[in-house]
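Here are my notes after going through the model you sent. Have it open beside you while you read.

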Amino acid sequence: MEQNKNKNIEKMMEFLDQSLTCYHAVREIEKELIAAQFTKLHETQLWNIERNGAYFVIRNDASIMAFRIPDCPVEQIKGFHIYAAHSDSPAFKLKENPEMTKEKVYTSVNIEKYGQMILSSWMDRPLTIAGRVCVAQKEEIVSHLVKLEDNSCVIPNLAIHMNRDINNGTALSVQTDMIPLLMMESDTKKAETINEMLAKILTKQTGDTYLPENILSSDLFVENSEKAVLAGVNKEFVMSARYDDLACVYAGMRAMVDTISNQYITVLAIFDSEEVGSCTRQGADSTLLKDTLENIADTLGCSRALYRVWKAGSFMVSADNAHACHPNQAGKADPINRPYLNKGIVLKYHGGQRYATDAMSAAFVKELCQKNDIPYQTYTNHSDTPGGSTLGNLVMAQVSMAAADIGLPQLAMHSAYEMAGVKDVEYLLTFTKTFFAI
């Protein structure tokens, strides 16, 4: 059993390392689903789905909906069991025409923030550039995933000798202090542009010849290229970039691949854009989940009346990580509802309903945990500190059903390198598989 647990953690860490951007995360999920015999569908085509089938659909390269149809008559299906998480993480996004020459010797990269970040945590780390590029191919626009080599750029700190207040809460300017250094200018030739680098990568990846001018547009991010590691004297911690929320994504992916329900349509709903408000066509505030569920119902020949019955009997788990009580800043946590690493998954509450959890949905989660010996904890914000929000309520505005917000306890949320507990990953895997097996 211990060997299986270690294998799960290793696989999750590999997934985190490979999922540099939301686009790479969706590609990794797609690879796992195809290996498990899921059929890929397209929103631009009519669907053909059958009982006991497994399918997935991708929107805009960044969000993915995967689902299984139970092997029972349509009239016996009880509804949907949905596990939602998000594919994006805070990072720096490259602006158009990103190259910047400084002091006639440095080539740097013009960036802006994507999401709320702990800026100082991005300094003096090995970084890379990754994302997608769009090109014209056979009279249509297609996208390709790309990344530069690991450790391609860095954001150097200013020496303490030049900033004596650096340990006294110095404010950082994104436009001035956080610009990544890419390379040195050459005395003999002009510095290579990002598009020139990407054209070479595309040529190598595809076997076709690409020139910089063939790249019409791109969505590129500066990402932490440090690998996930186990930490702590007893290796009880995992440290990784993008742990929020890709650890929850991984648990949902594994459960979707490994688990089959006999009475519910199980759905893995991975959305992009959560870190910037979800207001994109592939975000939780879009019609993506609604469109997917309606396509399923229509293709199965489900009436509108029966579809409404399905929704009324459905449940969604919104999985996004939670703040663990900090060892050095325990006063920032609620006096009672303060989760700890390796003590169980977290059920999240908010008096202002920023989380979807209410008494009924919390009871469902608690009973599921209690019946299956899954440790769980509760989280609420310190009453003097406004907390963040997640995708649960946004999704419910589009497709109303009972829902609860859960997550993994972690430290250093929105840092370039986050920290969490190894045991909690196993607890979430067990919970998600149990939820999908109902």
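**Notes on the model**

1. Let me start with S278, which is buried because its relative accessible area is 1%; buried means under 20%, exposed over 50%, and partly exposed in between, with a 1.4 Å probe and protein chains only. S278 sits in the loop between strand 13 (264-271) and helix 6 (288-299). Its phi is near 70°, a positive value in a residue other than glycine. Helices here are DSSP runs of H or I with at least four residues, strands are runs of E with at least two, and both are numbered from the N terminus.

2. Before going on, the ground rules: this is a predicted model, where local features need pLDDT of at least 70 and side-chain atom pairs count only at pLDDT 80 or more, while totals for chains, interfaces and linings use all residues. Residues are numbered from 1 along each chain as its sequence is written, and side-chain values use heavy atoms, with hydrogens and water left out.

3. N342 also deserves a look for its backbone: phi is near 65°, positive in a residue other than glycine. N342 lies in the loop between strand 15 (322-323) and strand 16, and with a relative accessible area of 15% N342 is buried. Another spot to check is the peptide bond from D244 to D245, which is cis, with omega near 15°. D245 belongs to helix 5 (residues 243-258).

4. Now the parallel pair. Strand 16 (residues 345-348) and strand 17 run parallel and are joined by four bridges; strands count as paired if DSSP finds at least two bridges between them. V346 has Q377 in strand 17 as its bridge partner. Strand 16, helix 8 (residues 359-371) and strand 17 build a right-handed β-α-β unit, right-handed meaning that, with the strands pointing away from the viewer, the path from the first strand over the helix to the second runs clockwise.

5. Which residues of strand 17 (residues 376-379) are on the covered face, and which on the uncovered one? Q377 and Y379 make up the covered face, Y376 and T378 the uncovered one. In a regular strand the side chains alternate between the two faces of the sheet.

6. Strand 20 has two antiparallel partners worth tracing. Strand 12 (residues 237-240) pairs with strand 20 (residues 418-421) over four bridges in the antiparallel sense, and S240 has E418 as its bridge partner. Strand 19 (residues 409-411) runs antiparallel to strand 20 too, with two bridges between them; here Q410 is partnered by A420. The hairpin of strand 19 and strand 20 has six residues between the strands, and A412 takes a positive phi near 60° in this hairpin.

7. On to charges. The count comes to 20 salt bridges, each being a side-chain nitrogen of Lys or Arg within 4 Å of a carboxyl oxygen of Asp or Glu. One of them joins E28 and K31, with the closest N and O atoms 3.3 Å apart. Both residues lie in helix 2 (residues 22-35), three residues apart, about one turn of the helix. E28 is buried at a relative accessible area of 11%, whereas K31 is partly exposed at 47%.

8. R59 and E43 also form a salt bridge, at 2.6 Å from N to O. This pair links distant parts of the chain, 16 residues apart: R59 is in strand 2 (residues 54-59), E43 in the loop between strand 1 (39-41) and strand 2. R59 is buried at 9% relative accessibility, while E43 is partly exposed at 33%.

9. In helix 8, K371 and E367 meet in a salt bridge of 3.5 Å, N to O. They are four residues apart, so about one helical turn separates them. K371 counts as exposed, because its relative accessibility is 63%, and E367 is partly exposed at 42%. Elsewhere, E32, R254, D258 and K433 are joined into one network by salt bridges that share partners.

10. How many disulfides does a search of the whole structure find? Zero, taking a disulfide as a pair of cysteine sulfur atoms within 2.5 Å. For C72, the nearest cysteine sulfur is that of C302, 12 Å away. C72 is buried, at 6% relative accessibility. For C325, the nearest is that of C248, 19 Å away, and C325 is buried at 11%.
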